[in-house]
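Got your viewer open and ready? Let's take a walk through this structure together, one selection at a time.

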Amino acid sequence: MRKTMSITILSLLFGCGSARLERIHEARVPERLDALAAAGRAPGFALATVDTGGAVHTWAKGRADLTRGTPATVETTWLWFSATKIVTATAVLQLVERGLVDLDQPVVRYVPGFASVRNPHGRAVTVRHLLSHTSGLPNPMPVAWIHEAHLPGPSLDELTERLLRENDRLDFAPGARFAYSNLGYLVLGQLIERVSGERYEAYVQHHILDVLGMHSTGFVLPGGAATGYSRKWSAMGIAGRFLLDGRYFGETRDGFTALKAFVVDGAPYGGLVGTLPDMARFLGAHLGGGAYQGARILREESVALMQQPALDAKGKPLPMGLGWHLGTVDGERYAAHIGGGGGFRSEIRLYPALGYAVAVAGNETSFDTDAPVRLVVESER
């Protein structure tokens, strides 16, 4: 049942000063999203919100495909890219709850092949380090980690072991500081496979997606998915011509160059594909202490642990939890993760104290997700 509610949205000001919080009624959300659509930052985008009561609201604007004129709808499928990492982190915490993984044990205990990584620092890389991006593992550029949607990609072991061979030395002592590493989440995918006995994709399907009723999300690109685009004359659009194989580029229309259908290599770091209502169900579980509409994926204490700041080796809090990036806006604490890659950009964001969460996805490489995800429930001011 849809409920009447008031929400707050940050004014959608683009490049003209800081945003101003303005209280508006839910019915005015579409006009604010019209302003975002008019800015032409992406051919299309969709947005979903969920509160602690489980109420989901969704909107969509623009085009999922410019050539066909296909409108973006709330059921359009988008590539999640790195927003997938929160699903991977959730899977690891499930294994912790089952007593199969200890966050503070060395990774090599669960993934023996990790022993090939040179670590001259005298402190082992733990599971916690990988989850909080404090392991010291390098972050090789993932731009070429894709394959055409109709072709098989490399296995997780094949991809991860090759990347570890090419990046076989830690950049800094484990726990010394925060430095983002996609490679670390590929290793976590291996951990999930070794400990659970299931392929990563199957584990996520059985223990998270199916449990929450996320039936329009998975690791295969379905027919009718949004087409990804890059603005032709943007920095990313120009750079992409040099970084991506030319076979991935399609026609240019209205200043946007299409990318042909592809799937991400290395599912644990960024391989999910799905709809915004499904994103909202997942966020609803993290808002609801690990459960959404009676379906539980984590214990309440595990959800809270994921949102607590990680500590560096000196005990200093970092702007990073277990998977979640942490920050504040207008004094409100949030936990978030952006997902970006060729042709798409997404973000999921929780406002725990306000009991609200927002997800957004657009089909343009450099689409600014910050303005739309600042939708929050009404707060006392």
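Start by selecting Gly-288, which is partly exposed because its relative accessible area is 33%, between the 20% limit for buried and the 50% limit for exposed. You will find Gly-288 in the loop between helix H9 (276–287) and strand S13 (291–292). Now add Asp-51 to your selection and draw a distance between the two C-alpha atoms: Gly-288 and Asp-51 are 8.7 Å apart in space, although 237 residues separate them in sequence. Keep in mind on every stop that you are looking at a predicted model.

**Zoom out for a moment**

Show the whole chain as a cartoon. How many helices and strands does the chain have? The secondary structure comes to eleven helices and 19 strands. Of the chain's 381 residues, 56% count as buried. Among contacts with a separation of 6 or more, 66% are between residues 24 or more positions apart. You have already met residues far apart in sequence with Gly-288 and Asp-51, whose separation is 237 residues.

**Stop: helix H5 and its partners**

Next, select helix H5 (residues 182–196) together with helix H4 (residues 156–166). Their axes are 10 Å apart, and the two helices pack at an angle of about 135°. That angle makes H4 oblique to H5. The crossing of H4 past H5 is left-handed. To see where they meet, show side chains for Leu-156, Asp-157, Leu-159, Thr-160, Glu-161, Leu-163 and Leu-164 in H4, and for Leu-183, Leu-186, Val-187, Gly-189, Gln-190, Glu-193 and Arg-194 in H5. Try colouring them by class: this contact of H4 with H5 has seven nonpolar, three polar and four charged residues.

Keep H5 on screen, hide H4 and bring in helix H2 (residues 84–97). H2 and H5 pack at an angle of about 35°, again with axes 10 Å apart. H2 also passes H5 in a left-handed crossing. On the H2 side, the contact is made by Lys-85, Thr-88, Ala-89, Ala-91, Val-92 and Leu-95. On the H5 side, look for Asn-182, Tyr-185, Leu-188, Leu-191, Ile-192, Val-195 and Ser-196. What classes of residue make up the contact of H2 with H5? Colour them and count: nine are nonpolar, three polar and one charged.

**Stop: His-133**

Now select His-133, in the loop between helix H3 (127–131) and strand S7 (146–148). Is His-133 buried or exposed? Its relative accessible area is 2%, so His-133 is buried. Display its neighbours beyond four places away in sequence: His-133 touches Lys-85, Arg-177, Phe-178, Ala-179, Tyr-180, Ser-181, Tyr-185 and Met-320. Two of those names should ring a bell, since Lys-85 and Tyr-185 also take part in the contact of H2 with H5.

**Stop: aromatic pairs**

A search of the whole structure finds six aromatic pairs. Let's visit some of them, beginning with Phe-81 and Phe-262. Their ring centres are 6.3 Å apart and their planes are at 50°, so this pair is tilted. Phe-81 sits in the loop between strand S6 (78–79) and H2, while Phe-262 is in strand S11 (residues 262–264), so you can follow the chain through the 181 residues that separate them. Switch on a surface and look for the two rings: Phe-81 is buried at a relative accessible area of 5%, and Phe-262 counts as buried at 5% relative accessibility.

Then select Trp-145 and Tyr-269, an aromatic pair that is edge-to-face, with 5.1 Å from centre to centre and 80° between the planes. Trp-145 is in the loop between H3 and S7 and Tyr-269 is in helix H8 (residues 267–270), so the pair ties together parts 124 residues apart in sequence. Both Trp-145 and Tyr-269 are buried.

**Last stop: backbone angles**

Most residues other than glycine have a negative phi. Select Asp-254 for a positive value, near 55°. Asp-254 lies in the loop between strand S9 (249–253) and strand S10 (256–259), and at 63% relative accessibility Asp-254 counts as exposed.

Finish at Gln-293, where phi is positive too, near 50°. Gln-293 belongs to the loop between S13 and strand S14 (295–296). With 57% relative accessibility, Gln-293 counts as exposed.

Conventions
Residues numbered from 1 in each chain as written. Predicted model: local features only at pLDDT ≥ 70, side-chain atom pairs only at ≥ 80, totals over all residues. Heavy atoms only, no water. Helix = DSSP H or I, 4+ residues; strand = E, 2+ residues; numbered from the N terminus. Buried < 20%, exposed > 50% of the residue type's maximum accessible area, 1.4 Å probe, protein only. Contact = heavy atoms within 4.5 Å. Axes fitted to C-alpha atoms, helices over the stretch in contact; angles between N-to-C directions. Parallel < 35°, antiparallel > 145°, perpendicular 65-115°, else oblique. Left-handed = near helix turned anticlockwise from the far one by under 90°. Nonpolar A, V, L, I, M, F, W, Y, C, P; charged D, E, K, R; others polar. Phe/Tyr/Trp six-rings, centres within 6.5 Å; stacked < 30°, edge-to-face > 60°.
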